[in-house]
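Subject: Handover of a structure and findings

Dear colleague,

Please find below the structure that I am passing on to you. My findings follow it, and I would be grateful if you read them with the structure open.

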Amino acid sequence: MTNVENMSFEESITALEDMVKKLENGGLDLDESLKTYEEAIALREHCKKILEDSDRKVQKIMETANGIVKENLELND
């Protein structure tokens, strides 16, 4: 797998979906399943970080476009 930190959100989601399919198909042995699960968790955390960073950027853009506007944007997990 490519270094997770260098992957875009879309690349990460696609890789994560592929891993879920592999795990759901059940053709992996225990070691492969654990490795795939570990990589999937790393991708999930990477995607979560990208979404949180994007949320902060949107909030900053909203503040810039509308003057100084303080809004609390909820993060959905």
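Where do Asp53 and Arg56 lie, and how many residues apart are they? Both residues belong to helix 2, where they sit three residues apart, about one turn of the helix. Their side chains meet in a salt bridge, at 2.6 Å from N to O. Before I describe the other pairs, I should state that this is a predicted model.

Overall architecture

The protein chain contains two helices and zero strands. Helix 1 covers residues 9–25, and helix 2 runs over 30–65. Of the 77 residues in the chain, 16% count as buried. The accessible surface of the chain comes to about 6,300 Å², and carbon and sulfur atoms account for 52% of that area. If one takes the contacts between residues at least 6 apart in sequence, 56% of them join residues at least 24 apart.

Helix 2

Helix 2 is made up of 36 residues. From its first C-alpha to its last it reaches 52 Å, close to the 52 Å expected at 1.5 Å a residue. At the start of this helix, a side-chain oxygen of Asp29 comes to within 3.2 Å of the backbone nitrogen of Asp31. Just after the helix, Gly67 adopts a positive phi of about 75°.

The buried residues of helix 2 are Thr36, Ala40, Leu43, His46, Cys47 and Asp55. What do the buried residues of helix 2 pack against? They pack against helix 1.

The nonpolar core

The largest nonpolar core consists of seven residues, namely Val4, Met7, Ala15, Leu16, Met19, Ala40 and Leu43. Helix 1 and helix 2 are the elements that give two or more residues to this core. The largest share, three residues, comes from helix 1. As a general point, nonpolar side chains in soluble globular proteins tend to be buried together.

Individual positions between the helices

Three positions may help you to find your way around the model.

Ser12 lies in helix 1. Is Ser12 buried or exposed? Ser12 counts as buried because its relative accessible area is 0%, which is under the 20% cut-off. Leaving aside neighbours within four places in sequence, Ser12 is in contact with Met7, Leu43, His46 and Cys47. Leu43, His46 and Cys47 are also among the buried residues of helix 2, while Met7 and Leu43 belong to the nonpolar core.

Glu17 is also found in helix 1. With a relative accessible area of 46%, Glu17 is partly exposed. Glu17 and Ala40 stand 23 residues apart in sequence, and their C-alpha atoms are 8.9 Å apart in space. Ala40 itself is a member of the core described above.

Ile50 is located in helix 2. Its relative accessibility is 22%, so Ile50 counts as partly exposed; the cut-off for a buried residue is under 20%. Once neighbours within four places in sequence are set aside, Ile50 is in contact with Met7, Ser8 and Phe9. Ile50 and Phe9 are 41 residues apart along the chain, yet their C-alpha atoms are separated by 6.8 Å.

Salt bridges

How many salt bridges does the structure hold? There are three. In general, side chains of opposite charge can pair when their charged atoms come close.

Besides the pair of Asp53 and Arg56 with which I began, Asp53 forms a salt bridge with Lys49, the closest N and O atoms being 3.1 Å apart. Asp53 and Lys49 are separated by about one helical turn because they are four residues apart in helix 2. An α-helix has 3.6 residues a turn, so residues three or four places apart point the same way. Lys49, Asp53 and Arg56 are thus linked in a network of salt bridges. Asp53 is partly exposed at 25% relative accessibility, and Lys49 is likewise partly exposed, with a relative accessible area of 45%.

The remaining salt bridge joins Glu45 and Arg44, whose closest N and O atoms are 2.5 Å apart. Glu45 counts as partly exposed at 36% relative accessibility. Arg44 is partly exposed as well, with a relative accessible area of 44%.

With kind regards

Key:
Residues are numbered from 1 along each chain as its sequence is written. This is a predicted model: local features need pLDDT of at least 70, side-chain atom pairs count only at pLDDT 80 or more; totals for chains, interfaces and linings use all residues. Side-chain values use heavy atoms; hydrogens and water are left out. Buried means under 20% relative accessible area, exposed over 50%, partly exposed in between (1.4 Å probe, protein chains only). Contact means heavy atoms within 4.5 Å. Accessible areas come from the Shrake-Rupley method with a 1.4 Å probe; for residues, only the protein chains shown count as cover. A nonpolar core is a set of buried Ala, Val, Leu, Ile, Met, Phe, Trp, Tyr and Cys residues joined through side-chain atoms within 4.5 Å. The expected span of a helix is 1.5 Å times one less than its number of residues. A polar contact is a pair of N or O atoms within 3.5 Å; within protein, one must be able to donate a hydrogen and the other to accept it, and residues adjacent in sequence count only if both atoms are side-chain atoms. A salt bridge is a side-chain nitrogen of Lys or Arg within 4 Å of a carboxyl oxygen of Asp or Glu.
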